[in-house]
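Please open the structure in your viewer and keep the sequence panel beside it, since each stop on this tour begins with something to select.

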Amino acid sequence: MLSLQPKFETMNLQDTISVAVKEAVHTLYQAQLEAVEIQETRKEFEGELTVVVFPMLRVIKGNPVTIGEAIGGYLVDQVSEVVAFNVVKGFLNLVIADSYYLQFFENSKTQENFGFVDPQADAKAVMVEYSSPNTNKPLHLGHIRNNLLGYAVAEIIKASGKKVYKTQIINDRGIHICKSMLAWQKFGNAATPETTGLKGDKLVGNYYVAFDKAYKEEIKALQSKGVSEEEAKTTAPILVEAQEMLRKWESGDAEVVALWKTMNQWVYDGFETTYKKLGVDFDSYYYESDTYLLGKDVVADGLEKGVFYRKEDNSVWIDLTEEGLDEKIVLRSDGTAVYMTQDIGTAIQRVKDHADVGGMIYTVGNEQDYHFQVLFLILKKLGYDWAHNLYHLSYGMVDLPSGKMKSREGTVVDADDLIVDMATTAEELSEELGKLDGYDESQKKEIYKTIGLGALKYYILKVDPKKRILFNPEESVDFQGNTGPFIQYTYARIQAILRKATLDQLSKEGALITVLDTKEKELIQQLSAFPEVIQQAAKNHSPALIANYTYDLVKGYNSFFQNVSIYGADTPEECVFRIQLSRKVGEVIKSAFGLLGIAVPERM
C-alpha cells in the first residue's frame, strides 16, 4: 500500500494523489495521463479533495461514473490516507483520513513562520520598486494603493523564498518642481515647515497649487487682451519664469540649486513621516536628478549593435512594429534623453549596484502599461538576461464616492489626512457598537489607529491589483463581512481564548486525539493551504490571494468556534487540542496580515 508520507511543511497532498491517479489509470486501463485535475470538494458533498474524471475521457473510453468508481477503489486500496470515496457524475470525491490531518497539525503546530521559505544563499534577488512620488506635492490616495501593493508584494515574494530589495525612484527634477519653487519665491514670504507648522511636503504642495492658480489668472488676463488661448498658455509670464528656472537648474545655477535642495529636503522629511505612519519601508532610494542622464551611453552602444537607428534629424529610435508595437524615440535630435532613455539606464544601474538582482517589479498605475511593454522589450533586445524577469505590477485607480482627484487644483485626498480620518471612522463605529468598553483613552486611540489603518489596507489589498477601486471608508471599517476589522476582531477573540489557557495546555505535546470533528478537519485543511497560497500570491504578484485566504480562514474559525466547544469539550485532551488549534489559526492570521503590512490587536 502506498503511503503519502507528506512533506508537512507544504502538505502537498494534491501532488501525491495526482501521482496515484496516474498509476491507477495505467494499471486499470493501460493508458497514460499527462495531468490530473484536482479541486477542493464542494461543501454539499462528503470529502476533501475531488478528482475531475471528464478530462480523462480523452484517453479512456467509458462511462465517467464507472471510471471514477474504479479509480476511487484503487486509491482506497493503495493509498493509506484515502479512506473512502463517492462519485457524483464525473467527479470523484475523496475522503482523507483524520490521521493525515492530525499528523500534519502535530508537525506544524510549533513551527515558527509556518508557510515561509528561507531564501537560498545563491538565489537571484528581486528588486521591487514602489511609491516613486514627485517632490512637488504630498502623497495622496493613489500613492497609498501604490505603496501598499508594492510593500505587500515585496513581503510576499520574500516569504516565498527569494531575497528582495525594496526601492523607489523619486521624481525630484523637472518643470513641475520648478513651479513649486517659483511660487514659493513669489508668494511664500520665506515660509518654512517650522514657521508654518506644516509638514514639508504639504507646504511645497500648497505652492504647486498656488502656481496653477496664478498661471490660470495670467492666461485669462492675456485672453482678455485678445491673445489666443493656445498662445496665452505658452507665453504666460509665470510659466516662462518657471522654464527659465529649469534651465538655470540644469546649468547648475548655485542659487536655484540651493533652493531646490532646501525645498526637496522638506518634502523628503514629510514623505518619511507618511511612510512611517503607513508602515512601509525601503532599502534604497534613486533620484531622478541623478539618473536623468543615464542611458545615453546605452543608446550609443545599441546604435552600434543595430538595436536602434538614427533618423535624418539626428534623433535615435527603435522600431518595434514587428512585435506589434510602434516606433519609439530614445534620444531627441538635440541629443537630450527622454523618459524611456533614463528608465533604460536606471534599470541597468540597479543591477550594477546590486549584482545579485535577477529581476525587477515596477509598481506603477495602468496608464503606463505601454511604456513598460516598450521598456522591457528594449532591455531584452539589448541582451540583458535579467530583462526576461521584469514585471509591471499594473494597478487601477482609486476613486472616492466624491469623484476623481486633481493635484493641480488641490483636490487630492491627502494620505496623512486619510489615515487620520480612518482612525476617526473606526472610533465612531467602535463607540457605537461598544466594542472597546473598559479601555482607557490612550489604549482606545492606539486601537482606533490599528483598526482604521487595517481597514484601509485590507480594503485596498483584497481587490485584484488590476481592478479599479471605489474606496468607501465607512464600508471598510465594518466589523462584519470581508473587512480588516472583522479579521482583526477574530484574532483578538482567539487571544482572549488563549489567555484563559494554562501553560500546560499550551505546551502539551504528542497525539491528543485520534478522531476529528468535521469543523476541526475543515480548519486544519485551511491551515494546510497557507504555504501554497504564499507561493501562488508571489507567482501572481497578488496580495489579494493572501487577503482573501485570511478571510476564508477566519470564516472557518468562526464556524468552528460556534459549533465546537473549546473549554466545554468532552475530554481534557479535546480541550487542549482545540486551544492549540486556535493558537495556530491566530499565528497564521498574524503572519498573513503581516505580509499585507496590517497589524493585529491583542485585545478589541
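The tour goes from a sheet to the helices beside it, then to a hairpin, the nonpolar cores and the cysteines.

Before you begin, keep in mind that this is a predicted model.

**The parallel sheet.** Select β7, β6, β5, β11 and β12, which in that order make up an open sheet of five strands with parallel pairing. In general, the strands of a sheet pair through backbone hydrogen bonds, and the pairing may be parallel or antiparallel. Look next at β7 (284-287) and β12 (390-395), which stand at the edges with a single partner strand each, so that one side of each has no neighbour in the sheet. If you follow the sheet across, the twist averages 25° from one strand to the next.

Now narrow the selection to residues 125-129, which are strand β5, and residues 357-365, which are strand β11; these two pair in the parallel sense over five bridges. Within this pair, show E129 and you will find Y362 of β11 standing opposite.

**The helices on the sheet.** Add residues 141-159, helix α4, which lies across β5, β6 (164-170), β11 and β12 and runs at about 160° to β6. Then add residues 339-353, helix α13, which packs on the sheet by touching β5, β6, β7 and β11, while its direction makes about 140° with that of β11.

**The hairpin and its next strand.** Select residues 309-310 and 316-319, the strands β8 and β9, which run antiparallel and are joined by two bridges. In this pairing R310 has V316, in β9, as its bridge partner. The two strands form a hairpin with five residues between them, and in the turn N314 has a positive phi of about 85°. Extend the selection to β10 (residues 327-331), which pairs with β9 in the antiparallel sense over four bridges, and note that D319 stands opposite E327 in β10.

**The nonpolar cores.** Which residues touch the most other members of the largest nonpolar core? They are V21 and L75, in a core of 154 residues. Centre the view on V21, which, leaving aside neighbours within four places in sequence, is in contact with L33, V36, V51, M56, I71 and L75. Another core of 35 residues lies apart from this one, and its members include L325, A347, V351 and L390.

**The cysteines.** Finally, select C178, which is buried with a relative accessible area of 3%, and C575, which is also buried, at 8%. The count of disulfides in the model comes to zero.

Key: Residues numbered from 1 in each chain as written. Predicted model: local features only at pLDDT ≥ 70, side-chain atom pairs only at ≥ 80, totals over all residues. Heavy atoms only, no water. Pairing = 2+ DSSP bridges. Axes fitted to C-alpha atoms, helices over the stretch in contact; angles between N-to-C directions. Contact = heavy atoms within 4.5 Å. Core = buried A, V, L, I, M, F, W, Y, C linked by side-chain atoms within 4.5 Å. Buried < 20%, exposed > 50% of the residue type's maximum accessible area, 1.4 Å probe, protein only. Disulfide = S-S within 2.5 Å.
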